[in-house]
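Reader: I have a model open in front of me and would enjoy talking through how its helices fit together. Shall we begin?

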Amino acid sequence: MALLRGVWGVLRDLGKSGVELCSGCGNRLRSPFRRSFVYFPKWFSSTLGSYPKKPMSSYLRFSKEQLPIFKAQNPDLKVSELIRRIAELWRELPESQKKIYEDAYKADWQAYKEEINRIQEQLTPSQMISLEKEIMQKRLRKKALIKKRELTMLGKPKRPRSAYNIFVSESFQEVKDGSSQAKLKSVNETWKNLSSSQKQVYIQLAKDDKIRYDNEMKSWEEQMIEVGRSDLIRRKMKSQTKDGFEEEC
């Protein structure tokens, strides 16, 4: 409700009524407080749409440039292996060539800050307050998606599946009739009626998948440390010490 009051406050300052709000609205945005839609004036959606994206880091820029090349040269390799090779290439890259990507990042970052300042200077104080609230909510909605896309591009291994999820993925396609919700309900009932010995098959598959995940994550996190992305590793990751023993990070 605080966000709605802020929107109405801005409209009041601008001399707009509720009728004008509904007739002159831009995009429909979902309210974070309930399962309904609220309307925002056109300047809200147009200003948000004009906000620039943050520039990519020097390594991510290099990786994005090299990934399609490596894919074309090695079509059968997994993305994680391609990223590993790109990381090795980045490590071996001369500082003079790395500087090209670093300078490009710095230039884009400066342009990004200037564009943000230009947009903000055009807003009134009331508009700034309301816009900041909406920007914060939009960032929260997109944060997980952006993070997921970045990790996918960097080749992060897929999380292990549970025994139930493995069963669902195998059984869902076998249920031919009904909607997706009805199919899922049918599969769920089948899972509940399985005997312990039948479930044990999927439990073992889940354990095997967990081992696969742990091994792939250990390799992936070592690669991320090597390319300077230690912010992506798990806090409880085990790193190899100089003496050859493992210790908790």
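Reader: Which are the buried residues of helix α8?

Author: Happy to help, and do keep in mind that this is a predicted model. Helix α8 covers residues 163-171. Its buried residues are Ala163, Ile166, Phe167, Val168 and Ser171.

Reader: Thanks! What covers the buried residues of α8?

Author: Two other helices take part in that cover. One of them spans 180-193 and the other 196-226. The cover thus includes α9 and α10.

Reader: Let's stay with α10, then. Is Glu216 buried, partly exposed or exposed?

Author: Glu216 lies in helix α10. Buried would require under 20% relative accessible area, and exposed over 50%. Because its relative accessibility is 29%, Glu216 counts as partly exposed.

Reader: Which residues is Glu216 in contact with, leaving aside its neighbours within four places in sequence?

Author: A good place to look is Pro157, 59 residues apart from Glu216 along the chain. The C-alpha atoms of these two are separated by 6.2 Å. With close sequence neighbours left aside, the contacts of Glu216 are Lys78 and Pro157.

Reader: How is α5 oriented relative to α10: roughly parallel, roughly antiparallel, roughly perpendicular or oblique?

Author: Helix α5, residues 79-92, packs with α10 at an angle of about 25 degrees, their axes being 10 Å apart. Angles under 35 degrees count as roughly parallel. Therefore α5 is, relative to α10, roughly parallel.

Reader: And which residues in α10 do Ser80, Ile83, Arg84 and Arg91 meet?

Author: α5 passes α10 in a left-handed crossing. The residues of this contact divide into two nonpolar, two polar and three charged. On the α10 side, those met are Gln223, Met224 and Glu226.

Definitions and conventions. Residues are numbered from 1 along each chain as its sequence is written. This is a predicted model: local features need pLDDT of at least 70, side-chain atom pairs count only at pLDDT 80 or more; totals for chains, interfaces and linings use all residues. Side-chain values use heavy atoms; hydrogens and water are left out. Buried means under 20% relative accessible area, exposed over 50%, partly exposed in between (1.4 Å probe, protein chains only). Helices (H or I, at least four residues) and strands (E, at least two) are DSSP runs, numbered from the N terminus. Contact means heavy atoms within 4.5 Å. Axes are lines fitted to C-alpha atoms, for helices over the stretch in contact, and angles run from 0 to 180 degrees between N-to-C directions. Angles under 35 degrees count as roughly parallel, over 145 as roughly antiparallel, 65 to 115 as roughly perpendicular and the rest as oblique. A crossing is left-handed if the near helix is turned anticlockwise from the far one by less than a right angle, and right-handed if clockwise. Ala, Val, Leu, Ile, Met, Phe, Trp, Tyr, Cys and Pro count as nonpolar, Asp, Glu, Lys and Arg as charged, and the others, Gly among them, as polar.
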